[in-house]
Amino acid sequence: MTPIPPHRRATTVASATTVASASAEHLSRTRPPVEAPEGGTATDARTVPGAPPAEAAGVPVLPTQGVRTGALPPLPPLDLHGAVPVLDAVTAEPPAPLPELAVLRALVRDAARRAAALLQGHVPEAHDTVADIVRFTVGAGGDHLETAAAHLGLTSLRMRHLTAAYHHGGPHGAAACLSPQPAHPAALAGAEAAIRPLRPSPGAPLERHRDRLTDPPAGVQLRHGPDGRWYPYADLHGTWQPVAGPHGDPARAYRAARLALRQRR
């Protein structure tokens, strides 16, 4: 390394001293005065006895030029419809014990639909585990009906009836189909009196059992749901199948079952 001549070193030291002095003078002119305590006199920060420099106190001196102050600009609106379906780009099946890729995609679509409904202010009804599985199956268009039936220990036909009950009556309709609860005798007696004028064979015996009234000659059955509504069933092809039209009025539910029979025969 080439040594610096003495006269060059002196010039360099002098220049550095000049720059340091100019910087100190600039800081002394721009540094704000320290607010005086009550009853005291305001002094400049550089004249406070025993006040260490910011660097010596461990406080960094930050540049303030070019820094913008004030409120942050508003965020752009959230566009959920423009979301990219990430799983569509995945082709390999996930490792066990994860569900199959088709099931994962259906779960993501289902979650997106539920999130969109919540954002629009739709509050979903309470679901238990069984009702939620049925809800997912209905939303998936029946593509996973066999898997759901195996998970719940039901036959495919029973699972179809359960999804139809959910389609017509939501989680309460599913409960009336799969988990009947005994209805109060007074509720059954009132329903029997309400439908008597509508029966094609009023003198034929009417069966009462737990939560349901069954009119065998008419091929109509009413089931009392946990929400207090009556869920209509029709005897189609030798099995009781849920049909549209649950109602708090048993007479209207009875008419809905009769209408379904006329339309399907």
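## Briefing: strands, salt bridges and a cavity in a predicted model

Val 220 of strand S5 stands opposite Ala 234 in S6. The model is a predicted one, and its secondary structure comprises seven helices and seven strands. Along the sequence these elements follow the order α-β-β-α-α-α-α-α-β-β-β-β-β-α. Of the 265 residues in the chain, 26% are buried. Among contacts between residues at least 6 apart in sequence, 40% join residues at least 24 apart. The points below treat the strands S4 to S7, then the salt bridges, and finally the cavity.

**Strand S5 and its pairing with S4**

- Strand S5 spans residues 220-224 and is mostly covered, five of its five residues being buried.
- Both faces of S5 are covered. Val 220, Leu 222 and His 224 lie on one side, while Gln 221 and Arg 223 lie on the other.
- Strand S4, residues 212-215, runs antiparallel to S5, and four bridges join the two.
- Within this pairing, Arg 212 has Arg 223 of S5 as its bridge partner.
- S4 and S5 form a hairpin with four residues between the strands, in which Gly 219 adopts a positive phi near 70 degrees.

**Strand S6 and its pairing with S5**

- Six of the seven residues of S6 are buried, so this strand is largely enclosed by the rest of the structure.
- S5 and S6 run antiparallel and are joined by five bridges.
- Arg 223, whose bridge partner in the S4 pairing is Arg 212, has Tyr 231 as its bridge partner in S6.
- The hairpin of S5 and S6 has five residues between the strands, and Gly 228 there takes a positive phi near 90 degrees.

**Strand S7 and its pairing with S6**

- Strand S7, residues 239-242, is joined to S6 by four bridges, and the two strands run antiparallel.
- Tyr 233 stands opposite Pro 242 in S7.
- Two residues separate S6 and S7 in their hairpin, and His 237 in the turn has a positive phi of about 60 degrees.

**Salt bridges**

- The count of salt bridges comes to eight.
- Arg 135 forms one of them with Asp 110, with the closest N and O atoms 2.6 Å apart. This pair links distant parts of the chain, since Arg 135 belongs to helix H3 (residues 129-139) and Asp 110 to helix H2 (residues 101-119), and the two residues are 25 residues apart.
- Which side of the burial cut-off do Arg 135 and Asp 110 fall on? Buried means under 20% relative accessible area; Arg 135 is therefore buried at 13%, and Asp 110 is buried at 7%.
- Arg 212, which is bridged to Arg 223 in the strand pairing, forms a salt bridge with Asp 211, the closest N and O atoms lying 3.0 Å apart. Both Arg 212 and Asp 211 are buried.
- Asp 227 forms a salt bridge with Arg 229, and their closest N and O atoms are 2.9 Å apart.
- Partly exposed residues lie between the cut-offs of 20% and 50% relative accessible area. Asp 227 is therefore partly exposed at 30%, and Arg 229 counts as partly exposed at 28%.
- Salt bridges that share partners join Asp 110, Arg 113, Arg 114, Asp 132 and Arg 135 into one network.

**The cavity**

- The structure holds one cavity of 30 Å³ or more, and about 30 Å³ of space lies in the largest cavity.
- Which residues line the largest cavity? They are Ala 165, His 168, Gly 173, Tyr 231, Pro 232, Tyr 233, Pro 242 and Val 243.
- Helix H5 (156-178) and strand S6 (230-236) are the elements that give two or more residues to this lining.
- By class, the lining has six nonpolar residues, two polar residues and no charged residues.
- Several lining residues also appear in the strand pairings: Tyr 231 is the bridge partner of Arg 223, and Tyr 233 stands opposite Pro 242.

Definitions and conventions
Residues are numbered from 1 along each chain as its sequence is written. This is a predicted model: local features need pLDDT of at least 70, side-chain atom pairs count only at pLDDT 80 or more; totals for chains, interfaces and linings use all residues. Side-chain values use heavy atoms; hydrogens and water are left out. On a 1 Å grid over the protein atoms alone, a cavity is a set of points where a 1.4 Å probe fits but cannot get out, and a pocket is an open set with protein on both sides within 12 Å along at least five of seven lines; lining residues have an atom within 4 Å of a point. Grid points are joined across faces, edges and corners, and a volume is the space filled by probe spheres set on the points. Ala, Val, Leu, Ile, Met, Phe, Trp, Tyr, Cys and Pro count as nonpolar, Asp, Glu, Lys and Arg as charged, and the others, Gly among them, as polar. A salt bridge is a side-chain nitrogen of Lys or Arg within 4 Å of a carboxyl oxygen of Asp or Glu. Buried means under 20% relative accessible area, exposed over 50%, partly exposed in between (1.4 Å probe, protein chains only). Two strands pair if DSSP finds at least two bridges between them. Contact means heavy atoms within 4.5 Å.
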